[in-house]
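Colleague: Please take a close look at one part of this model for me. I would like to see what lies around the ligand, and then how the helices pack.

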Amino acid sequence: MEELLTVKNLKKYFPIKKGILNREGGSVKAVDDVSFSLFEGETLGLVGESGCGKSTLGRTILQLFKPTEGEVLFKGNNISNMSFKDLRPHRKDMQMIFQDPYSSLNSRKTIKSILMEPYKIHSLYTNKEREEKAEGMLEKVGLNRLFANRYPHEFSGGQRQRIGIARALMLEPDLIIADEPVSALDVSVQAQVLNLMRDLQEEFNLTYLFIAHDLSVVKHFSTRVGVMYLGRMVELSDKDNLYKEPLHPYTQALLSAVPIPKIGGARERIILKGDVPSPDNPPTGCAFHTRCAQCMKICKEERPQLKEVAEGRFVACHLYE
Ligand code: SF4
């Protein structure tokens, strides 16, 4: 498989302003030195507790946030330092699906004009062709083309998410970053939307970066899974091995809380001590050391690097060095 996206040592720090003079006083390390590759046609699930930086990572890849450091290579082009003008043709090939489709759809516009908007921005097609394509896309996402003249408030949550997906597909992108696309939906509707996304992946040859906090959703939808903790990628592996035999103590704790049946009995629940530390003052060494039952002296001093410990299995933990 060809590499579609390469993320190299990506960092996104947000400055903290302090005092009445708004002086800079430190920074929130939302994404802290993350590297990975995404291959054409795959679905990489990105999981972690809320605030671990997974959504910021998605937005920084799309250049909605300018990276503090590091590189994002899309189809071999370094897009992280491009001007707005140079970035424009690449933006067309990378789209986002948001968690809350209602707030991302303009409530004063009809569905047709929402779907036609990307064509206007990129000056593509005649008006007649735009209308035809918008109505055709509604059918592809399982909605009646007659809905094109309605407004977002006339639809259910699941239908609105279908419209969000349709809008993301209008420009026929290669990469879709889906940020918690089903977590605001009822469980029965979640499965329908996930099935739709899978069918569309085949039809449009899409590559997904699928961000979610729900490990069971990611299990059914992804080919590989990356686990994030405090802005860092701590484990990256193919789905089957990660769920069968998680390597990083944080992944083990996360999975122990998921009701997934295991041959030979249920997984023993690992209760994590303490809260997630603040990303503006992460612990030294391994960011997980304040909560890890297997913490050693080196863990407090040296940051473990993400290393391949078996074919296709990457982990950032001193236990495997
Ligand atoms: Fe635990 Fe040390 Fe591994 Fe961090 S590096 S997860 S503290 S064993």
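Modeller: What follows starts at the ligand and then moves on to two helix pairs. Keep in mind that this is a predicted model.

Start with the space that the ligand takes up. That space is the largest cavity. Which residues are around the ligand? Four cysteines are there: Cys 286, Cys 292, Cys 299 and Cys 317. His 248, His 289 and His 318 are there too. Pro 249, Phe 288, Gln 294, Pro 304 and Leu 319 complete the list. Now sort this shell by character. It holds 8 nonpolar residues and 4 polar ones. None is charged.

Next, the helices. Two packed helices are described by the angle between their axes and the distance between the axes. Take H4 (residues 111-121) and H5 (residues 127-140). Their axes come within 9 Å and cross at roughly 120°. H4 and H5 are therefore oblique to each other. Their crossing is right-handed.

Now take H6 (residues 157-169) and H7 (residues 187-204). Here the axes come within 10 Å and cross at roughly 15°. That makes H6 roughly parallel to H7. H6 passes H7 in a right-handed crossing.

Note on methods. Residues are numbered from 1 along each chain as its sequence is written. This is a predicted model: local features need pLDDT of at least 70, side-chain atom pairs count only at pLDDT 80 or more; totals for chains, interfaces and linings use all residues. Side-chain values use heavy atoms; hydrogens and water are left out. A residue is near a molecule or strand if one of its heavy atoms lies within 4 Å of it. On a 1 Å grid over the protein atoms alone, a cavity is a set of points where a 1.4 Å probe fits but cannot get out, and a pocket is an open set with protein on both sides within 12 Å along at least five of seven lines; lining residues have an atom within 4 Å of a point. A molecule sits in a cavity or pocket if more than half of its atoms lie within 2 Å of its grid points. Ala, Val, Leu, Ile, Met, Phe, Trp, Tyr, Cys and Pro count as nonpolar, Asp, Glu, Lys and Arg as charged, and the others, Gly among them, as polar. Axes are lines fitted to C-alpha atoms, for helices over the stretch in contact, and angles run from 0 to 180 degrees between N-to-C directions. Helices (H or I, at least four residues) and strands (E, at least two) are DSSP runs, numbered from the N terminus. Angles under 35 degrees count as roughly parallel, over 145 as roughly antiparallel, 65 to 115 as roughly perpendicular and the rest as oblique. A crossing is left-handed if the near helix is turned anticlockwise from the far one by less than a right angle, and right-handed if clockwise.
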